[in-house]
Amino acid sequence: MKKILGIVVLVAVLAAAIWWLFIRHDPVAKAEDVAEAEAAVTIADYPQQVLWGDTHLHTDNSIDAFGFGTRLGPDAALKFARGEKVTATMGMEAQLARPLDFLVIADHSDGLGATRRLYDAPRFMIQDDTLLRWHDMMQESPEQSQLAIAELITAASNGTLPDALRDPENQAENTRNIWQAHLATLDKYYEPGKFTPLAGYEWTLMPGGNNLHRVVMYRDGYDRTSQILPAPALDGNITALFDHMDAYEQSTGGKVLAIPHNSNLSNGLMFELTQADGGPMTAETARRRALREPVVEATQIKGDSESHPFLSPNDEFAGFGDVGWEIGNLSLTAFKEDDQLAGEYLREALKRGLSIEQQTGANPYKFGMIGSTDSHTTLATGDEDNFFGKHTGNEPNGERANAEQNLGTRVGRFGWNYLAGGYAAVWAKANTRAEIFDAMMRREVYATTGPRMTVRFFGGFDLGETDFAGDWVADAYKGGVPMGGELSDEGKAPQFIVSALKDPDGAHLDRVQIVKGWITADGTTREKVFDVVWSDMDTRRSVGGKLPAVGNTVNREEATYTNDIGAPQLQTVWTDPEYRAGQNAFYYVRVLEIPTPRWTLFDAVRFGIELSEEAQKYAVAQERAYTSPIWIGPAPAAP
């Protein structure tokens, strides 16, 4: 009997050991748990709570982030995003005041983990002279490591990377190992209904230093995403990326989208009127792009791409965060001409979309807007008072605001040109991968430059005069379409319901604007910005179509402000007074806060430094939100 019991105990111990060593970490088994947890989440009838996230974060798996010194990986990124305290690479403690609801870690697909491997490689085994020099520079000091990566980025722009970094076959095994480990980590932190990591990567096409980057984001978990590898961008083109996305969906039954970003650094190439090869835009290409790219990143650390004063001279608030970024492409290997700006800024792209639609019947630029960080520190924060820098070289310190910060040539850009980043606001029916992804596909999203303002935007023809009491949102869904939606022209002026609520921990609101763009019968595109509701409307009267400034309470000596001006909430129903029947148009909302300190002013007080004259000039800003547009046009033809 003792012998039998002994055998039973032995078998039990071995089974437990096998479970502990293997099955416990089996990502496929974990996927089954994930599916069960997702199924238990209640899905609302319509989106009732906005979710906050970052779709563009880099960790030490990115070829440039590691070279810049980042030593924190996906685990730290996910802990930080859900509100835990972590120690940043340079040794400071870091924590969000409020956790995020979702996160996409978007490490570069090209050379995934390559700089870590180069850094760790024995020197005698490195045969390529350039790689050996970069290896030595990374070992020498953080400053030399950053210079090495600046050289690497420039080499990638110019197509002169060493063969070992260019060959996808050579990278495949390492990429597969890192990618699959990363996907398993995402499932480990996924808490359906509470916190959602989504799979993704950055596809980094950069011909001649012109930024054509996309974040690729998946709806699916490990079981599907582990079946493929991230698409390489070097030597690629946008058609190859879309083919890769098509193949993924066809082979796995999953879903994937792409998010263009930093169009402001593309030197006019991101939103062209033609196809990428210079040929005329076709309806097929236009439809494919609209399907694959339902949202665009409007704002992030490397500038804001909503509008530019050259394109919108009558918009007094155009040009937020443009300074330093409008002078050239990403690596500053080519300076920019004014006529290239139209291919870079989102408002102009929306207008170009109308123009292409008029010519081909399809609109390639019918996209929604989100914000994100593009932080390369593993820390997703877009908060002005908690800015941890673009990379570890400008984590909080007394030098970063005034320092030269250009990646390639070390001319032209300074620390104060960098924004604190932005966030993606998503109206989803639940906090799950599927619901967040689906909300992006229907463009029910908006961008902010950091503050967590709650913004609603509906369009319709018979919305009436809501008193914003009761369940007015449910009524708006029944009577109209939310942001990102489309209206079929009924021959009468469209109505819009707008509601903006201040960030509960932030500043009051100055005003709400509706930006309209349209195209005339002769193909001319136009735009106009309407102030539709603002604080102190009884005393702030429009003169010559222009409102008086809201005022400024910022104390520059202390980096503080007061909410003695502005309003905590602004709501209205607005009817387009300049509607013309049969005219294709789009409308989106821009919400402006009262002036508040930028991160540079917080740094000045925190470190007791004096900002340069230019940095001081831009040390106060009016943060903002941009909703996805609502389009109006002819009813679609019957199939």
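Which helix does E169 lie in? Before I answer, let me say that what you see above is a predicted model, and I will take the surface first and then turn to a small sheet.

E169 belongs to helix α9, which covers residues 168-189. On the surface, E169 gathers with D128, D129, D163 and D167 in a patch of negative charge. The relative accessible area of E169 is 68%, and because exposed here means over 50%, we call E169 exposed.

Now to the sheet, which is open, has 3 strands in the order β10-β9-β11, and shows mixed pairing. Its edge strands are β10, residues 303-304, and β11, residues 368-371, each of which pairs on one side only.

Let me go through the two pairings in turn, starting from strand β9, which takes in residues 295-300. With β10, strand β9 pairs in the antiparallel sense over 2 bridges, and these two strands form a hairpin with 2 residues between them. With β11, on the other hand, β9 runs parallel, and 4 bridges join the two.

One residue that ties this picture together is T299, whose bridge partner in β10 is D304, while in β11 T299 stands opposite G371.

So how many residues of β9 are buried? The count is 6 of the 6, so β9 is largely enclosed by the rest of the structure. As a general reminder for anyone looking at side chains in the viewer, those of a regular strand alternate between the two faces of the sheet.

To close, then, we have exposed E169 on the surface, and the strand β9 with its residues buried.

Definitions and conventions:
Residues are numbered from 1 along each chain as its sequence is written. This is a predicted model: local features need pLDDT of at least 70, side-chain atom pairs count only at pLDDT 80 or more; totals for chains, interfaces and linings use all residues. Side-chain values use heavy atoms; hydrogens and water are left out. Two strands pair if DSSP finds at least two bridges between them. Patches are made of residues with over 30% relative accessible area and no salt bridge: like charges are joined within 9 Å, nonpolar side chains (Val, Leu, Ile, Met, Phe, Trp, Tyr) within 5 Å. Accessible areas come from the Shrake-Rupley method with a 1.4 Å probe; for residues, only the protein chains shown count as cover. A salt bridge is a side-chain nitrogen of Lys or Arg within 4 Å of a carboxyl oxygen of Asp or Glu. Lys and Arg count as positive and Asp and Glu as negative; His and the chain ends are not counted. The place of a charge is taken as NZ of Lys, CZ of Arg, CG of Asp or CD of Glu. Buried means under 20% relative accessible area, exposed over 50%, partly exposed in between (1.4 Å probe, protein chains only).
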